[in-house]
Amino acid sequence: MTKKTKKETSEEKFTLVELVSNSDLHYPLIIMNLSRAGLLEQYETEVEAYGRLDIEPTMTLTEFNKIMEA
């Protein structure tokens, strides 16, 4: 049995801006769910910096979908 490295087992991470822009959900619903999860301020900060600064991807698609299902 071989040991998998962290990179092999983890999903690709995205910024919240990327996840929100690629989501099929209505924007108000996304904002409401981000607010409930305590991520609205992070999203707003990323929106301001997007395209001007390098933003560290913080969330996988699976994590984002779990927040949106709440």
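Helices and strands here are DSSP runs, at least four residues for a helix and at least two for a strand, numbered from the N terminus. With that convention, the chain reads α-β-α-α-α-β-α along the sequence. That makes five helices and two strands. One caution before the details: this is a predicted model.

Some totals to start. The chain has 70 residues, and 26% of them count as buried. It exposes about 5,600 Å², with carbon and sulfur atoms supplying 52% of that area. On contact order: take the contacts between residues at least 6 apart in sequence, and 71% of them join residues at least 24 apart.

Next, the interior. Which residues make up the largest nonpolar core? There are 12 in all: Leu16, Val17, Leu19, Val20, Ile30, Leu34, Leu39, Tyr43, Met59, Phe64, Ile67 and Met68. Three elements give two or more residues to this core, namely H2, H3 and helix H5, which spans 61-69. H2 provides the largest share, four residues. As background, nonpolar side chains in soluble globular proteins tend to be buried together.

Let me take two of the core residues in turn. Leucine 19 sits in helix H2. Its relative accessible area is 6%, and the cut-off for buried is under 20%, so leucine 19 counts as buried. Outside its neighbours within four places in sequence, leucine 19 contacts Phe14, Met59, Thr60, Leu61 and Phe64. One of those partners, threonine 60, is 41 residues away along the chain, yet the two C-alpha atoms are separated by 8.7 Å.

Valine 17 is the second. Leaving out residues up to four places away in sequence, valine 17 touches Tyr43, Glu46, Val47 and Tyr50.

Threonine 15 is also worth a look. This residue is in the loop between strand S1, residues 13-14, and H2. Is threonine 15 buried or exposed? It is buried, with a relative accessible area of 3%. Threonine 15 touches Glu46, Tyr50, Ile55, Glu56 and Pro57, again not counting residues up to four places away. Glu46 therefore appears in the contact lists of both threonine 15 and valine 17, and that brings us to its helix. Helix H4 covers residues 40-49, and its buried residues are Tyr43, Glu46 and Ala49. Seen down the axis of H4, these buried residues fall within an arc of 130 degrees, so they line one face of the helix. The general reason is that an α-helix has 3.6 residues a turn, so residues three or four places apart point the same way. What do the buried residues of H4 pack against? They pack against H2 and H3. The face turned away from the buried side carries the exposed residues Glu41 and Glu48. Just after H4, glycine 51 takes a positive phi of about 90 degrees.

Last, the surface. Leu25, Leu29 and Met32 make a nonpolar patch of about 220 Å². Leucine 25 lies in the loop between helix H2, residues 16-21, and helix H3, residues 27-36. At 34% relative accessibility, leucine 25 counts as partly exposed.

To recap: a core of 12 residues has its largest share from H2, H4 packs its buried residues against H2 and H3, and a nonpolar patch is made at the surface by Leu25, Leu29 and Met32.

Conventions. Residues are numbered from 1 along each chain as its sequence is written. This is a predicted model: local features need pLDDT of at least 70, side-chain atom pairs count only at pLDDT 80 or more; totals for chains, interfaces and linings use all residues. Side-chain values use heavy atoms; hydrogens and water are left out. Patches are made of residues with over 30% relative accessible area and no salt bridge: like charges are joined within 9 Å, nonpolar side chains (Val, Leu, Ile, Met, Phe, Trp, Tyr) within 5 Å. Accessible areas come from the Shrake-Rupley method with a 1.4 Å probe; for residues, only the protein chains shown count as cover. A salt bridge is a side-chain nitrogen of Lys or Arg within 4 Å of a carboxyl oxygen of Asp or Glu. Buried means under 20% relative accessible area, exposed over 50%, partly exposed in between (1.4 Å probe, protein chains only). Contact means heavy atoms within 4.5 Å. The arc is that of the directions from the helix axis to the C-beta atoms. A nonpolar core is a set of buried Ala, Val, Leu, Ile, Met, Phe, Trp, Tyr and Cys residues joined through side-chain atoms within 4.5 Å.
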